[in-house]
Amino acid sequence: MSARVCSSAEVLSARRIAEEKMNAVHVPVMMNEVLRALELRRGDVVVDGTLGLAGHSLRFLKEIGPEGTLVGFDWDETMLAQARERLAAEDGLGRVELVHADFREIGSVLDGLGLYANGMLLDLGLNSAQIEDPERGIAFKFEGPLDMRMDRSRGEPASALLNRLSPVEIERILFELGDERWAKAIAKKIVEVRRATPLRTTTDLVNAILAAVPTGARDKRIHPATRSFQAIRVYVNRELEGLDDALRGAAERLAPGGTLVVLSYQSGEDRIAKTVFRELAEEGFEDLYRKPLVPTAQETTMNPRSRSAKLRAIRRAKPAETGLAVDGQEET
């Protein structure tokens, strides 16, 4: 069975929709819960490690006032440019530093700026505008180049990886990062297909997946390509690679009493956050929630992309509570 290839008009329509969403009012996930955890005050330094369209950051700036400082990170230049435009349209903002970098570089950037954060957010989900842009090749709904990179200035696109990796490597990616039970069959089919013609588009990959997964065995709730596309995107962008070190490094750049909030959308991300936070809880930090917070039913109805979100938070103890200064030296 072959996937339906969308017409040029449909692709252009999808692209226009994506562009409109880039400029539309972005609905940040679990905003109320994030604000309650961060407890931001006027004059605070806040870091948005995954800026996106600055939905969370716009609210942060209102909380910290003109005396405060926002440092925003994004590895996607397009997202960063859109966020810059949205922020520039606001009046009375404090100091804003926008950085084209992955949140894994928070430590070195804050060191360079001479800052510690009173609050920090890592929203590990993708923006809907990114997902639905055909040119990115992240979604299987419309035909586009099989790229999937968030930062298209570096790394290999998904097509290059799938056209060179061994079937064993592809199977491992699909199973470990996507929980795909047909991983072996899909990997075998991808290698079979590329022998004749290299995979270049999202439709090429969808067709290979549909040819590998028996019709009667398909999950009725989701498209057969859902898990594979997710797994390949996670692998292409190394989304779990170094996440534990990044979370620890971010926590170490918190000021006394500062809070780090993480919003995750995949079981692998949440497991890593849970493990790191429990370790940090034995090192002068407080794990604020024994179980992660989840969106309210009202929010998931109004914003379906929030339905898989889980919020965890950790707070650095104040010197009076530990006898330690920010750098870990005992106070005199």
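**Exercise 1.** Work out how the residues lining the largest cavity divide into nonpolar, polar and charged.

*Solution.* Sort the lining residues by type: you get 9 nonpolar, 9 polar and 8 charged. Keep in mind that this is a predicted model. Next, ask who sits in the middle: of the 26 lining residues, T50, W75, D123, L124 and G125 lie nearest the cavity's centre. Then look at the elements: α3 (55–64) and β2 (69–74) are the ones that give two or more residues to this lining. Finally, the space inside comes to about 360 Å³.

**Exercise 2.** Now do the second largest cavity: which residues line it, and how do they divide by type?

*Solution.* Start with the list: L161, L162, L165, I170, I173, L174, I232, Y235 and V236. Sort them and you find 9 nonpolar, no polar and no charged. For the elements, α7 (158–162), α8 (167–178) and α11 (226–236) each supply at least two of the lining residues. The space here is about 50 Å³.

**Exercise 3.** Find which strands stand at the edges of the sheet.

*Solution.* First write down the order of the 7 strands, β3-β2-β1-β4-β5-β7-β6, in an open sheet with mixed pairing. Now read off the ends: β3 (95–100) and β6 (285–287) each have a single partner strand, so one side of each lacks a neighbour in the sheet. Zoom in on β6: its pairing with β7 (residues 310–316) is antiparallel, over 3 bridges, and F285 stands opposite R316 in β7. To finish, spot the helix lying across β5 (254–264), β6 and β7: that's α13 (residues 267–280), running at about 20° to β7.

Technical notes. Residues are numbered from 1 along each chain as its sequence is written. This is a predicted model: local features need pLDDT of at least 70, side-chain atom pairs count only at pLDDT 80 or more; totals for chains, interfaces and linings use all residues. Side-chain values use heavy atoms; hydrogens and water are left out. On a 1 Å grid over the protein atoms alone, a cavity is a set of points where a 1.4 Å probe fits but cannot get out, and a pocket is an open set with protein on both sides within 12 Å along at least five of seven lines; lining residues have an atom within 4 Å of a point. Grid points are joined across faces, edges and corners, and a volume is the space filled by probe spheres set on the points. Helices (H or I, at least four residues) and strands (E, at least two) are DSSP runs, numbered from the N terminus. Ala, Val, Leu, Ile, Met, Phe, Trp, Tyr, Cys and Pro count as nonpolar, Asp, Glu, Lys and Arg as charged, and the others, Gly among them, as polar. Two strands pair if DSSP finds at least two bridges between them. Contact means heavy atoms within 4.5 Å. Axes are lines fitted to C-alpha atoms, for helices over the stretch in contact, and angles run from 0 to 180 degrees between N-to-C directions.
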